[in-house]
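Hello,

Here is the structure I promised to hand over. Please open it first, then read the notes underneath.

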Amino acid sequence: MQTIGFLGLGKMGAVMAPRFIDAGYPLTVWNRNIEKAEALGKAGATVAETPAAVAESTDIVISMLRDDEAAEQVFLGPSGLLSVDVEGKVFIEMSTLRPPTARALAERCAEKGAGFIDAPVSGTVAPAKDGKLMALVGGSEADLERARPALDVLTRRIVHAGPVGQGAMLKLVLNLPLAVYWQSLAEAVALGAAGGLELATMLDAMADSGAATRVLPLKIPLILEGSDYVAFDIATMEKDATSIVETGAEFGVPMPTIAAALATYAAANAAGMGSDDAVSIVRHLTETLEAERKR
Ligand code: NAP
């Protein structure tokens, strides 16, 4: 049986990694803040002190980190994954990264005789916990086949988008409408509220119409009541929207709606809402306008 290494036990990694214990795989984990790793240690995982120690002791190494900078540090840092002999291992990079970052990491892995796929995911914390993510994979067929048993533990579907970097590219494509959707909903309910409609009435009607997305009904209680539950935070949305806008600029593709959404997420982040769930921007515009009217 393959041994699994898992690095990055944030909101997503903390529910993905334990699935390997449940599936009977020997699991070694690492997290920058070691306390999160120790929780998994109590559940049966081996806790490593450095990424290098994970790479040394496991066959398949999965990372689920915040951003490009985090992935570069974890792979290329002084005690990073690639600071030791990794010949014959396969890296599954599941963070949402920019395509050039995925390609650069894959090159460094290839120089050391290791395989690499980028496999960012569609789906948030609940599907991650249930093993129902969709992995968007970039990499060779051979590396994907070696990674597939581990990916099967985490996913309901694997989409092979092309060579390394194309999983990351497809993830940007999927995230664009989602980021814009919450922005469009924020504008819609701000308009309705200004015209005297109740938020609950608007959301109820929208959820039963062509204005709904699959996630809207799931998020309505969170929008209406607010909650401490955070699946996908505003800072992450700003990071992803920034990657989309910059990738669009690189390819010369005009994208005014995501640029507007990015401005909203950046403003919300600057207002101290970075760790709130992204759907909290739906009420933010209405509340900001109401506060301005009262002044
Ligand atoms: P998160 O809760 O913020 O967790 C981020 C993880 O990255 C933590 O383990 C954190 O370690 C680690 N990290 C951050 N900076 C680091 C650094 N410089 N060096 C080493 N480790 C570092 O993020 P998340 O929501 O789990 O998301 C993880 C990735 O999945 C992101 O790329 C995100 O875009 C993507 N994603 C998220 C969702 C979602 O619904 N949340 C859905 C699809 C894709 P510490 O614990 O030490 O801070």
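**Where the two domains meet**

Across the interface of domain 1 and domain 2, 7 residue pairs are in polar contact, with both residues at pLDDT 80 or more. Keep in mind that this is a predicted model.

Which elements supply the domain 1 side? β7 (121-122), α7 (125-129), β8 (133-138) and β9 (155-162) each give at least two residues to the side that touches domain 2. β9 has the largest share there, with 3 residues. By type, that side of domain 1 divides into 9 nonpolar, 3 polar and 5 charged residues.

Charge also plays across the boundary. The count between domain 1 and domain 2 is 3 salt bridges. As for individual salt bridges, D233 pairs with K11, and their closest N and O atoms are 3.1 Å apart.

Now the overall layout. The domain assignment of the chain puts domain 1 at 4-162 and domain 2 at 169-294. Their centres, taken over C-alpha atoms, are separated by 29 Å.

How many residues touch? In domain 1, 17 residues are in contact with 19 residues of domain 2. About 1,400 Å² is buried between domain 1 and domain 2. Carbon and sulfur atoms give 57% of that area. On the domain 1 side, R66, T96 and R98 lose the most area to domain 2. Together these residues make up 36% of what that side buries.

A good place to begin is the D233 and K11 salt bridge. Then look at R66, T96 and R98 in domain 1.

Best wishes

Terms used. Residues are numbered from 1 along each chain as its sequence is written. This is a predicted model: local features need pLDDT of at least 70, side-chain atom pairs count only at pLDDT 80 or more; totals for chains, interfaces and linings use all residues. Side-chain values use heavy atoms; hydrogens and water are left out. Domain bounds come from an automatic or database domain assignment. Contact means heavy atoms within 4.5 Å. Buried area is the accessible area (1.4 Å probe) that two parts lose on being put together, summed over both. A salt bridge is a side-chain nitrogen of Lys or Arg within 4 Å of a carboxyl oxygen of Asp or Glu. A polar contact is a pair of N or O atoms within 3.5 Å; within protein, one must be able to donate a hydrogen and the other to accept it, and residues adjacent in sequence count only if both atoms are side-chain atoms. Helices (H or I, at least four residues) and strands (E, at least two) are DSSP runs, numbered from the N terminus. Ala, Val, Leu, Ile, Met, Phe, Trp, Tyr, Cys and Pro count as nonpolar, Asp, Glu, Lys and Arg as charged, and the others, Gly among them, as polar.
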